[in-house]
Amino acid sequence: MSTYRSPFEQLKAKFEKSDPKCPSCGYVDTDGSWRVQTTGSRVTYQFVCPTCDAIETREMRLD
């Protein structure tokens, strides 16, 4: 059985294991985490670089 409670948490964990390097400034954030927000029809994952405040966004639409 999975240690995650939902498919959304599984996807968040996958993003957190991905390359932690900021595409804007090159900073490697090994402690960073993705924020998750949903509106019901969309799930948005965001990562904010602690050095340059660049925002990486990934979005899923639920149709």
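**Sheet, core and charge pairs in a predicted model**

Me: How many bridges join β2 to β3?
Reply: The model is a predicted one. In it, β2 and β3 run antiparallel. The number of bridges joining the two strands is seven.

Me: Which residue in β3 is the bridge partner of Val48?
Reply: Val48 lies in strand β2, which spans residues 42-48. Its bridge partner belongs to β3. That partner is Ile55.

Me: Which residue in β3 is the bridge partner of Arg42?
Reply: Arg42 is in strand β2. This bridge, too, reaches across to β3. The partner there is Arg61.

Me: Which residue in the turn of the β2 and β3 hairpin has a positive phi?
Reply: Six residues separate the two strands of the hairpin. One residue in that turn has a positive phi, about 65°. The residue is Asp53.

Me: In what order do the strands of the open sheet lie?
Reply: The sheet holds three strands, and their pairing is antiparallel. The edges, each pairing on one side only, are β1 (35-38) and β3 (55-61). Neighbouring strands are turned by 20° against each other on average, direction ignored. The order is β1-β2-β3.

Me: What angle does the direction of helix α1 make with that of β2?
Reply: Helix α1 covers residues 7-17 and packs on the sheet. The helix touches β1, β2 and β3. Its direction and that of β2 make an angle of about 25°.

Me: What pattern does the protein chain follow along the sequence?
Reply: The chain has one helix and three strands. Helix α1 takes residues 7-17. Reading along the sequence gives α-β-β-β.

Me: Which strand gives the most to the largest nonpolar core?
Reply: This core has five residues: Phe15, Trp34, Val43, Tyr45 and Phe47. Three of them come from one strand, residues 42-48. That strand is β2.

Me: Which residues is Tyr45 in contact with, leaving aside its neighbours within four places in sequence?
Reply: Tyr45 is itself part of the largest nonpolar core. Its contacts include two fellow core members, Phe15 and Trp34. The full list is Phe8, Leu11, Lys12, Phe15, Trp34, Arg35, Val36, Glu56, Thr57 and Arg58.

Me: What share of the residues in the protein chain is buried?
Reply: The C-alpha atoms fill a box of roughly 35 × 25 × 15 Å along the principal axes. The chain has 63 residues. Buried ones make up 17%.

Me: Among contacts between residues at least 6 apart in sequence, what share joins residues at least 24 apart?
Reply: The share is taken over contacts within the protein chain. Pairs closer than 6 places in sequence do not enter it. The value is 26%.

Me: How many disulfides does the count come to?
Reply: A disulfide needs two cysteine sulfur atoms within 2.5 Å. The sulfur of Cys22 is 3.8 Å from its closest cysteine sulfur, in Cys52, so this pair is too far for a bond. The sulfur of Cys25 also has Cys52 as its closest partner, and at 3.7 Å that is too far as well. The count is zero.

Me: Is Cys22 buried or exposed?
Reply: Buried means under 20% relative accessible area. Cys22 has 4%. Cys22 therefore counts as buried.

Me: What relative accessible area does Cys25 have?
Reply: Cys25 is partly exposed. That class lies between 20% and 50%. The value for Cys25 is 38%.

Me: How far apart are the closest N and O atoms of Arg42 and Glu59?
Reply: The two residues form a salt bridge. Arg42 sits in strand β2 and Glu59 in strand β3, 17 residues apart, so the pair links distant parts of the chain. Both are partly exposed, Arg42 at 34% and Glu59 at 39%. Their closest N and O atoms lie at 3.4 Å.

Me: Which residue forms a salt bridge with Glu56?
Reply: Glu56 is partly exposed at 24% relative accessibility. Its partner is partly exposed too, at 29%. Their closest N and O atoms are 2.9 Å apart. The partner is Arg58.

Me: Which residues are linked in a network of salt bridges?
Reply: Glu59 pairs with Arg42. Glu59 also meets Arg61, at 3.6 Å from N to O. Arg61 is exposed, at 56% relative accessibility. The network consists of Arg42, Glu59 and Arg61.

Methods. Residues numbered from 1 in each chain as written. Predicted model: local features only at pLDDT ≥ 70, side-chain atom pairs only at ≥ 80, totals over all residues. Heavy atoms only, no water. Buried < 20%, exposed > 50% of the residue type's maximum accessible area, 1.4 Å probe, protein only. Core = buried A, V, L, I, M, F, W, Y, C linked by side-chain atoms within 4.5 Å. Helix = DSSP H or I, 4+ residues; strand = E, 2+ residues; numbered from the N terminus. Contact = heavy atoms within 4.5 Å. Pairing = 2+ DSSP bridges. Axes fitted to C-alpha atoms, helices over the stretch in contact; angles between N-to-C directions. Salt bridge = Lys/Arg side-chain N within 4 Å of Asp/Glu carboxyl O.
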